[in-house]
Amino acid sequence: MLLERIYDEDLAQASYIIGCQAKGEALVVDPRRDINVYLDLAEKHGMTITAVTETHIHADYLSGTRELAARTGARMFVSDEGGPDWTYSSAFDDATRMKHGHSINLGNITVEAVHTPGHTPEHMSFLITDGAQSTEPGFMLTGDFVFVGDLGRPDLLDEAAGGVDTRFQGAKDLFASLKSRFLTLPDYVQVLPAHGSGSACGKALGAIASSTVGYERIFSWWGPYLSADDEQGFIDELLSGQPDAHAYFGRMKRENREGPAVLGPLPELIDYTAESLRDALADDSVILIDTRHHSQVHTGTVPRSLNVPGVAKAASYGAWAVNPEEEQRPLVVLAESLEMATALRDHLMRVGIDTVSGYVTSLDGLDLVTPTVVAPADIDRYPHVMLLDVRNKTEYAEGHIPGAHQLSGGRVLWNLDMLPEDGTILTYCQSGVRNSVAASALRRAGYDVAEVEGSYAAWASIPGNEPVHSN
């Protein structure tokens with residue numbers, strides 16, 4: 001049996017390829033939208049991808065299930081649990097809709113769907129049995145059900161999908177799924193989750209790639225609550241201290257349920273010169289994505305450009321700054337090479353930003369502006385109508401600059417009604433990276449924004465400055 005984990009550090013997301021080496025067939029679970037990594041792995045191992053599935057309707061990235069099926073002819077398998085509100089659309093009518101207990105067979109390998117609601121109502125986990133070695137399952141792909149050291153949060157439907165108090169039923173469902181579906185498994189079963197440290201799908205995800213049922217039973221925070229059958233204590237602990245959900249999660253939920261657009265093979269990106277780009281930038285018919293560190297952006301950047309610093313977190317930060325439901329103008333990325341530009345496009349595609357048309361290797365020859373930056377010691381003296389903390393609410397509660405309002409960077413563009421229409425907004429995050437992304441998005445939306453130099457860390461380092469703590 002072949003079992004490989006493909007990990008995206010940007011979104012802290014894991015997908016898996018499972019293959020029967022004797023039959024040469026493979027299944028991909030929870031694929032991302034830039035699918036070449038799966039095609040290359042299948043070719044490397046001499047396999048054909050014959051099936052593709054996903055654990056649930058994802059909120060943090062756009063699924064590659066339809067993209068991969070269209071490219072390979074693989075059969076799609078999707079959950080048919082959770083009720084009508086969580087039924088995949090007619091775009092999946094050629095898919096096999098799975099109920100609890102459904103099996104996908106790859107030669108001697110059996111992949112059994114296990115309904116594990118809680119994170120979402122339709123959520124499936126997958127038990128894997130390598131029939132050449134055993135008649136019992138040895139692995140469980142837990143998706144966003146059980147992580148290493150944590151659980152999938154049940155409040156995302158409230159936070160991102162327009163639900164009202166669904167978190168309480170979700171928490172009850174998680175307790176029941178753990179009790180009846182997870183803890184009934186042998187301790188040796190290996191746990192392979194869909195996210196790691198850094199994901200917003202839980203509050204305390206571990207950085208280790210895998211675990212076991214026995215380890216989680218003994219060492220997880222939730223183990224004692226299940227051992228004591230303390231459902232209310234479990235619910236209270238689970239729902240407390242969850243981080244902010246990014247606003248783009250709601251779009252991901254809708255698009256993944258409806259069926260993400262199939263892009264097919266993509267054209268090569270246009271290599272722009274400053275001369276060929278100048279007029280388009282001037283009339284705002286294209287948008288530049290400035291991919292430099294904010295310290296470089298602060299020395300001069302293109303007017304109305306967006307700051308998405310580097311390839312590594314391009315999907316995460318790109319989804320804060322671009323809302324493709326409202327913005328369809330072509331995007332041009334600042335990149336040192338075609339290879340870097342292509343990687344940036346791949347990352348942005350993972351969150352449904354599909355309009356990258358080309359790249360420029362330098363800003364030389366383009367008109368530039370210098371963003372306003374305010375020294376931490378000058379905050380009180382600098383005229384502003386709002387001091388805005390764009391960190392998570394948990395960071396804000398642990399300590400913030402006096403007088404600051406909190407609105408996380410991943411929610412700013414979707415909550416403009418919370419901001420003053422006139423006057424200067426002074427913004428900060430922890431070190432300046434997130435702040436620069438959010439500030440660039442606000443400037444593009446027409447707001448007058450100044451950034452606190454060095455952000456909260458710089459302010460807090462000044463002797464005598466006392467942060468405000470909130471519950």
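The protein chain exposes about 18800 Å², and carbon and sulfur atoms supply 48% of this area. The model is predicted. Buried residues make up 56% of the 471 residues in the protein chain. The chain carries 35 positive and 66 negative charges, and the mean positions of the two sets lie 2 Å apart.

**Overall form**

The secondary structure of the protein chain comes to 15 helices and 24 strands. Along the principal axes, the C-alpha atoms fill a box of roughly 70 × 55 × 35 Å. A compact globule of 471 residues would have a radius of gyration near 23 Å, and the protein chain agrees with this because its own value is 23 Å. Among contacts with a separation of 6 or more, 67% join residues that are 24 or more positions apart.

**The nonpolar cores**

The largest nonpolar core holds 34 residues, and Tyr248, Leu306, Val333, Ala335 and Val351 touch the most other members. Two or more residues of this core come from each of the helices α8 (248-258), α11 (314-321), α12 (338-349) and α14 (433-444), and likewise from each of the strands β16 (287-290), β18 (331-334) and β19 (356-360). The element that gives the most to this core is α11, with six residues.

Which residues does valine 351 contact, leaving aside its neighbours within four places in sequence? They are Leu11, Asp60, Tyr248, Arg251, Met252, Ala315 and Ala319. Tyr248 is also among the core members that touch the most others.

A second, separate core has 23 residues, including Ile6, Ala42, Met47 and Ile49.

**Helix α11**

Eight of the eight residues of α11 are buried. These residues are Ala314, Ala315, Ser316, Tyr317, Gly318, Ala319, Trp320 and Ala321. What covers them includes α8, β17 (306-307), α12 and α14. Two of these buried residues, Ala315 and Ala319, are in contact with valine 351.

**Residues in loops**

Leucine 413 is found in the loop between β22 (405-406) and β23 (424-428). Not counting residues up to four places away in sequence, leucine 413 touches Trp320, Ala321, Val322, Ala441 and Ala445. Trp320 and Ala321 are among the buried residues of α11. Leucine 413 and alanine 441 are 28 residues apart along the chain, and their C-alpha atoms are separated by 7.1 Å.

Is alanine 12 buried or exposed? Alanine 12 is buried, because its relative accessible area is 3% and the cut-off for buried is under 20%. Leucine 413, at 23%, counts as partly exposed. Aspartate 229 is partly exposed as well, with a relative accessible area of 44%.

Alanine 12 and aspartate 229 each have a positive phi in a residue other than glycine: phi is near 50° for alanine 12 and near 55° for aspartate 229. The table sets out these loop residues.

| Residue | Loop between | Relative accessible area |
|---|---|---|
| Alanine 12 | β1 (2-8) and β2 (13-20) | 3%, buried |
| Aspartate 229 | α6 (223-227) and α7 (231-239) | 44%, partly exposed |
| Leucine 413 | β22 (405-406) and β23 (424-428) | 23%, partly exposed |

Key
Residues numbered from 1 in each chain as written. Predicted model: local features only at pLDDT ≥ 70, side-chain atom pairs only at ≥ 80, totals over all residues. Heavy atoms only, no water. Helix = DSSP H or I, 4+ residues; strand = E, 2+ residues; numbered from the N terminus. Rg over C-alpha atoms; globule rule 2.2 N^0.38 Å. Buried < 20%, exposed > 50% of the residue type's maximum accessible area, 1.4 Å probe, protein only. Contact = heavy atoms within 4.5 Å. Areas by Shrake-Rupley, 256 points an atom, 1.4 Å probe, with all protein chains shown as cover. Lys, Arg positive; Asp, Glu negative; His and termini not counted. Charge placed at Lys NZ, Arg CZ, Asp CG, Glu CD. Core = buried A, V, L, I, M, F, W, Y, C linked by side-chain atoms within 4.5 Å.
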